[in-house]
Amino acid sequence: MNYRIDIRNIAIIAHIDHGKTTLVDAMLKQSRVFRDNQKVGELIMDQGVLEREKGITIMAKNTAVVYRGVKINIIDTPGHADFSGEVERVISMADGCLLLVDSIEGPMPQTKFVLRKALERGLKPIVVINKIDRKNSRIAEVLRFTENLFLELSSSADQLDFPVLYVSATEGIAVTELGVKGKDITPLFECILEKVPPPQIETGPFQMMVSNLDYDSHKGKITIGRIWRGKVATHDPVVRIRADRSITHYEIGEVFTYLGLKRLEVAEAEAGDIVAVTGLEEVSIGDTIASPERPEALPRIEVGEPTVEMTIGVNTSPFTGREGYFGTARQLRERLYKELETNLSLRVQDTDSTDTFLLKGRGELHLAILIETLRREGYEFEVSRPEAITKLVDGKLLEPVETLTIDTKDEYMGVLTEMLSKRQAQLTDMRNDGHDNIRLEFHIPTKGLIGFRNAFLTATRGEGIMNTTFLGYEAWHGAITSTRNGTLVASGQGVAVTYGLNNAQGRGLTFIGPGTLVYEGMIVGMNSRPQDIAINVCKEKKKTNMRSSTSDIGIKLTPPLQLSLEQAIDFISRDELVEVTPKNIRLRKKLLAQSQRLRDIAPAQRSIKQ
Ligand SMILES: Nc1nc2c(ncn2[C@@H]2O[C@H](COP(=O)(O)OP(=O)(O)OP(=O)(O)O)[C@@H](O)[C@H]2O)c(=O)[nH]1
Ligand SMILES: [Mg+2]
């Protein structure tokens, strides 16, 4: 076996917000890959519009720096559990990883998940205790917890022998021992060179695994991955090997390697390096690209199964076609199936109806990000409430379960445990830091988490953080009865006015303000009772020839609670939908006409309503 001693390939893995992307900033800045006057800002790698807005990494991405003549290919990964598929997608490109752990939070459920993935692939981790600049950091304790995690997960003694660095990514400082004053992150680079094995390479005909795809309006599709064998050069003939082993012939256009945020065009690249090539019009992540001389497929990337599903369909609201550019079943279907090329843990299925498709993903956020992306591209459609995906194995019904971690104040403990026990959660761990802060850990079926986020934020008045990590499948725990309140439903089409909305606010919370166009069956608020009630929010005070606005003077409305897309998806029940267009997010009953809804409900319930 030969090695490329001039290269190191590392992935940066951690729980959400532990500072991965900020550490990449520090590495890029110290490597001086930017011009002195170039304004690069923070979280440089989070360039996606939604990544910037949400302040989280959604897609794994590549960059590279050169340190003492060695190129370090860096793969930044997302920490949110819903994007675990991204970690699984790219981890095969790396030989080592930096496992970041926040100096206050310590190892979290997703730290465990990604460390397990890294160890399973035989990666050599370097532990980075990050944010050592934070007040109240408890570095020694965090290191002890991290060691315990390695003890729990490692399968061989040499995995327990990991180097540790103490880092402040925001200050760009790394030290190997506490108490030493650091000046930059050189110790991190030195540690990578010393501890991460250089890539092993095989000589022979070209072979590469496709781990990512990009698109350039001039160059077309860009195929990204690690070369495992041989070399690739401009104009080389290659074959693409699909999952079903079928083969298509192509010619390589250009070849690029990474440096900083740029791709550098090179004449050829060799095994061990991470490259981007053009010329393959049709390719999917997980495919192998190889020389036609030896068209052998590499093992395909395995990603975890989706755990939640929802339907997505053509917009059937009375406002359909008004606000979107693409909305036909054919357009929607084409776009969804295209997403499968890059979104590895997503599944799309046709249903009995040609207008509706089934979407399966790794969590509510995974699906919500796709929905938000489609809406910004100009699509309009409707989606249903997410449901946990159950499986039937040997005649037994199984359902996904997760670990739920909550960090909040002591005072909310009672209300949270009560809410969660109704959702079949079991408290598995509880820690108090002695300053009113509490961490609770629960074991909970995925179905119990659907609709929980909004309730959680309200119950903790925004003073809580919740995280979930997929654990596995367990026997069905039984059904959960919904505890959500009923809704306030518009009784007719028109423009909502202050007078009508004021009436609605006498019944509960409203989701819309005056001037909003509504239709019959659209949800305009939440009732303070369990039933749905129809309300005429377009009703003026009295019908005179005078402009109604004067009659509204003196009425002070409470500002509406405007639900974000994620909140809307989290809110709806089974008999409701979210209508998504580039301009609006509306909630609606599936059955729009009140007469139809009354016919549809069970007789017992009807008697309550009357
Ligand atoms: N005080 C302090 N804050 C830090 C440090 N490193 C990161 N942060 C902050 O932590 C927050 C999250 O940082 P990110 O770099 O986005 O974390 P991440 O791990 O990339 O997050 P995801 O990609 O969403 O999982 C940001 O507000 C950073 O400014 C550090 O060393 N010290
Ligand atoms: Mg990040």
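In this predicted model, a nitrogen atom of ligand 1 is placed 2.7 Å from an N or O atom in the side chain of Asp133. Oxygen atoms of the ligand have polar partners too: a polar side-chain atom of Thr57 lies 2.7 Å from one oxygen atom of ligand 1, and for Lys131 the distance from a polar side-chain atom to an oxygen atom of ligand 1 is 3.0 Å. Taken alone, ligand 1 would expose 650 Å², of which the protein buries 82%.

Stepping back to the whole shell, 18 residues surround ligand 1. Asp133 and Thr57 are among the closest of these, together with Lys20, Thr21 and Thr22. Helix α1, which spans residues 20–30, gives the most to this shell, supplying three residues. By character, the shell around ligand 1 divides into nine polar, five charged and four nonpolar residues.

Turning from the ligand to the protein surface, Met1, Tyr3 and Ile5 make a nonpolar patch of about 390 Å². Within this trio, Ile5 is found in the loop between strands β1 (2–3) and β2 (7–13). Ile5 has a relative accessible area of 63%, and because exposed residues are those over 50%, Ile5 counts as exposed. A nonpolar side chain in a loop thus takes its place in the surface patch alongside Met1 and Tyr3.

Definitions and conventions. Residues numbered from 1 in each chain as written. Chains lettered and ligands numbered in written order. Predicted model: local features only at pLDDT ≥ 70, side-chain atom pairs only at ≥ 80, totals over all residues. Heavy atoms only, no water. Near = heavy atom within 4 Å. Polar contact = N/O pair within 3.5 Å; in protein donor to acceptor, adjacent residues only side chain to side chain. Areas by Shrake-Rupley, 256 points an atom, 1.4 Å probe, with all protein chains shown as cover. Helix = DSSP H or I, 4+ residues; strand = E, 2+ residues; numbered from the N terminus. Nonpolar A, V, L, I, M, F, W, Y, C, P; charged D, E, K, R; others polar. Patch = residues over 30% accessible without salt bridge, like charges linked within 9 Å, V, L, I, M, F, W, Y side chains within 5 Å. Salt bridge = Lys/Arg side-chain N within 4 Å of Asp/Glu carboxyl O. Buried < 20%, exposed > 50% of the residue type's maximum accessible area, 1.4 Å probe, protein only.
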